[in-house]
Amino acid sequence: MTYDQIIKDIKSKIYHPVYFLTGEEPYYIDKISDLIENTVLNEGEKAFNQLVVYGKDTDFKSVVDDARLFPMMSPYRVVIVKEAQEMKDIQGLEKYVAHPSPSTILVICFKYKKIDKRTALAKSLAAHAIFFESKKLYDNKVPSWIISFAENAGYTITPDAAGLMSEYIGSELGKLSNELEKLFINLSEKKKISIEDVREQIGISKNFDVFELQTAIGLRNFNKAALIIQFFSQNINANPPVMIIASLFSYFNKVYTAKMHNRLSDVDLSKALGVNPFFIKEYKQAAQNYSVDHLYQIMQALKNADMHSKGIGSRRGNDGSVYKDILINCMGLS
């Protein structure tokens, strides 16, 4: 069953005896679990009929015993097992799942991993429970998710603003939703979110962030790149080399792809790079500014910089030197 269908059923008071929520993306697992926890029972019913336990603090026998209890002055009893992946004997739930109590809603939150589908429990879940897998969103799908999230909240967000949020915050939907909620509050009556709003409200400096550094290097703007590198060197804690290097490597890998596929249309190239079409012009411009050999040298230099930033084979002992070496190699000054 899909996430939307599960949410629709719960809101329509259509409940199932067992929900098994699993997968690498915790956002949807938490949303389903929270909805059940907050809406199935009223506050008076919760005191006697709702129990929330954690996998590391319980065992299958305790969960089964709690699930077999009859509800008191309520049509349902709700038992939620959070962090169920930490239950050492979770396989023992197999018999209960096959024959659950019809008056209990058992929610099992099995995060960050997949259950072995060869086990008896997995087979029982597939046959008798609502089995939902929350898959991690691919990076190139994140901007669309951001746009959809904003629209559902009554806002619009420009593609470049969504792309910036995706690049800066990453693909963790929980973090993205929190930042979007902050945006909605801070923007008050304003309903259209621009890239300037994202920079200002989320705290991404227009002049001193990794995205401006990528653009400056891609355009071979040495003065601006040097200024940003100097800022990074003076603010290491806020700009850890490991994060900056990873972002630059991803950027130049896309520039390399754009270089090798320069005959593709913008639409096809955006699919190949996994980025919003809004950013294609920048990648194509950068691809024109670098030769294939230089791009290869840059990626090798970034791999070396990553090792140096972790103290492996470093010629010099500070992160500022790592940044300077990156600038020298990217600008072809070595």
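This talk goes through helix packing, salt bridges and a few single residues in one predicted model.

I will start with helix α11, residues 210-218, and its two partners. The first partner is helix α12, which covers residues 222-234. The axes of α11 and α12 come within 8 Å, and they cross at roughly 150 degrees. An angle over 145 degrees counts as roughly antiparallel, so α11 and α12 are roughly antiparallel to each other. Their crossing is left-handed. On the α11 side, the residues in this contact are V210, E212, L213, A216 and I217. On the α12 side, they are K224, A225, I228, I229 and F232. By class, that contact has eight nonpolar residues, two charged ones and no polar ones.

Between these two helices is a loop, and R220 is found in it. The phi of R220 is near 60 degrees, a positive value in a residue other than glycine. For background, most residues other than glycine have a negative phi. As for solvent, R220 counts as partly exposed because its relative accessibility is 32%.

The second partner of α11 is helix α13, residues 241-260. Here the packing angle is about 45 degrees, and the axes are 10 Å apart. How are α11 and α13 oriented to each other? They are oblique, because an angle of about 45 degrees falls outside the ranges for roughly parallel, roughly perpendicular and roughly antiparallel. α11 passes α13 in a right-handed crossing. From α11, the contact takes in V210, L213, Q214, I217 and G218. From α13, it takes in I244, S247, L248, Y251 and F252. These residues divide into seven nonpolar, three polar and no charged.

If you have the structure open, look at V210, L213 and I217 in α11. They are among the residues that meet α12, and they are also among those that meet α13.

Next, the salt bridges. How many does the structure hold? The count is 12, and I will go through three of them. As a reminder, side chains of opposite charge can pair when their charged atoms come close.

The first pair is D30 and K111, whose side chains meet at 2.7 Å, N to O. D30 lies in helix α2, residues 26-39, and K111 lies in strand β4, residues 104-111, so the pair ties together parts that are 81 residues apart in sequence. Are the two residues buried or exposed? D30 counts as partly exposed, because its relative accessibility is 30%. K111 has a relative accessibility of 8%, and therefore counts as buried. This pair also has company: D30, E83 and K111 are linked in a network of salt bridges.

The second pair is D65 and K61, with the closest N and O atoms 3.2 Å apart. These two are four residues apart in helix α4, residues 60-68, so they are separated by about one helical turn. D65 is partly exposed, with a relative accessible area of 38%. K61, with 51%, is exposed. The cut-off for exposed is over 50%.

The third pair is K175 and E172, where the closest N and O atoms are 3.9 Å apart. The cut-off for a salt bridge is 4 Å. K175 is partly exposed, with 46% relative accessibility. E172 is partly exposed as well, with 41%.

Two single residues remain. One is K13, which sits in the loop between α1 and β1, that is, between residues 3-11 and 18-23. The phi of K13 is near 65 degrees, again a positive value in a residue other than glycine. K13 is exposed, with a relative accessible area of 57%.

The other is S124, found in helix α6, residues 120-128. Why does S124 count as buried? Its relative accessibility is 6%, and buried means under 20%. Which residues does S124 touch, leaving aside those up to four places away in sequence? They are E94, V97, A98 and A129.

To recap the helices: α11 is roughly antiparallel to α12 and oblique to α13. For the salt bridges, D30 and K111 connect helix α2 with strand β4, whereas D65 and K61 are both in helix α4. The two residues with positive phi that I showed are K13 and R220. That is the end of the talk.

How values were computed
Residues numbered from 1 in each chain as written. Predicted model: local features only at pLDDT ≥ 70, side-chain atom pairs only at ≥ 80, totals over all residues. Heavy atoms only, no water. Axes fitted to C-alpha atoms, helices over the stretch in contact; angles between N-to-C directions. Parallel < 35°, antiparallel > 145°, perpendicular 65-115°, else oblique. Left-handed = near helix turned anticlockwise from the far one by under 90°. Contact = heavy atoms within 4.5 Å. Nonpolar A, V, L, I, M, F, W, Y, C, P; charged D, E, K, R; others polar. Buried < 20%, exposed > 50% of the residue type's maximum accessible area, 1.4 Å probe, protein only.
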